[in-house]
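Have a look at the sequence and the model below before reading on. The report then walks from the overall fold to individual side chains.

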Amino acid sequence: MLPEPHRLHRSADFSRAVRRGRRMGRQDLVVHAYTRDDAGVVCSVGEPRFGLIVSKAVGPAVTRHRVARRLRHICAQLLSDVPSTADVVIRALPGSAGLSSADLHRQVRSGLKKLGYLETSSTTASRDAHS
């Protein structure tokens, strides 16, 4: 589960990441990332924050919640690899409903890596090699 200080809650934070941040589209999701300056941020200063957008286009409620749970779990695994000033919003596309957790994880990491928001460490690289 993604700890509370690492979640985006306010609509303004989502909008800032989506509108001002950089975007990288993958096959079944879009990763938006924004480096905040912490001047206008009220809470969770110095920690990466994640937000999810899983619309009705992904499927019925059960499917949407399953995709969201998988994405939250992936975000929790990436906390130590993402810069502390990053706000990341992941928008699930309809194809994400049929993906395995490993495929979702691969696409999220790929999007963050292309955007330059993934600080790879030797432990992360070795963990990925074994999965």
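What follows is a short tour of this predicted model, from the whole chain down to two residues.

## The chain as a whole

Let's begin with the layout. The chain holds four helices and four strands, and their order along the sequence is α-β-β-β-α-β-α-α. Of its 131 residues, 42% are classed as buried. The exposed surface of the chain comes to about 6,900 Å², and carbon and sulfur atoms supply 52% of that area.

If you like contact maps, here is a useful number: take the contacts between residues at least 6 apart in sequence, and 75% of them link residues at least 24 apart.

## Strand β4 and its partners

Strand β4 spans residues 86-92, and six of its seven residues are buried. It pairs with strand β2 (residues 29-35) through seven bridges, in an antiparallel arrangement. Within that pairing, Y34 sits opposite D87 of β4.

Strand β4 is also paired with strand β3 (residues 49-54), here by six bridges and in parallel. One example is I53, whose bridge partner in β4 is R91. Between β3 and β4 the chain passes through helix α2 (residues 61-78), giving a β-α-β crossover that is left-handed.

## D87, a covered acid in β4

D87 belongs to strand β4. Is this residue buried or exposed? D87 counts as buried because its relative accessibility is 0%, against a cut-off of under 20%.

What joins the side chains of D87 and R36? The answer is a polar contact of 2.6 Å. R36 is also among the residues that D87 touches once neighbours within four places in sequence are set aside; the others are L8, A17, H32, A33, Y34 and R49. The backbone brings in a further residue: the C-alpha atoms of D87 and P48 are 6.0 Å apart, although 39 residues separate the two along the chain.

## S96, in the loop after β4

Moving on along the chain, S96 lies in the loop that connects β4 to α3 (101-115). Although it is a loop residue, S96 is buried, with a relative accessible area of 0%.

Which backbone atom lies 2.6 Å from a polar atom of the S96 side chain? It is the oxygen of L93. Beyond its neighbours within four places in sequence, S96 makes contact with D28, V58, V67 and L104.

Definitions and conventions. Residues are numbered from 1 along each chain as its sequence is written. This is a predicted model: local features need pLDDT of at least 70, side-chain atom pairs count only at pLDDT 80 or more; totals for chains, interfaces and linings use all residues. Side-chain values use heavy atoms; hydrogens and water are left out. Helices (H or I, at least four residues) and strands (E, at least two) are DSSP runs, numbered from the N terminus. Buried means under 20% relative accessible area, exposed over 50%, partly exposed in between (1.4 Å probe, protein chains only). Contact means heavy atoms within 4.5 Å. Accessible areas come from the Shrake-Rupley method with a 1.4 Å probe; for residues, only the protein chains shown count as cover. Two strands pair if DSSP finds at least two bridges between them. A crossover is right-handed if, with the strands pointing away from the viewer, the path from the first strand over the helix to the second runs clockwise. A polar contact is a pair of N or O atoms within 3.5 Å; within protein, one must be able to donate a hydrogen and the other to accept it, and residues adjacent in sequence count only if both atoms are side-chain atoms.
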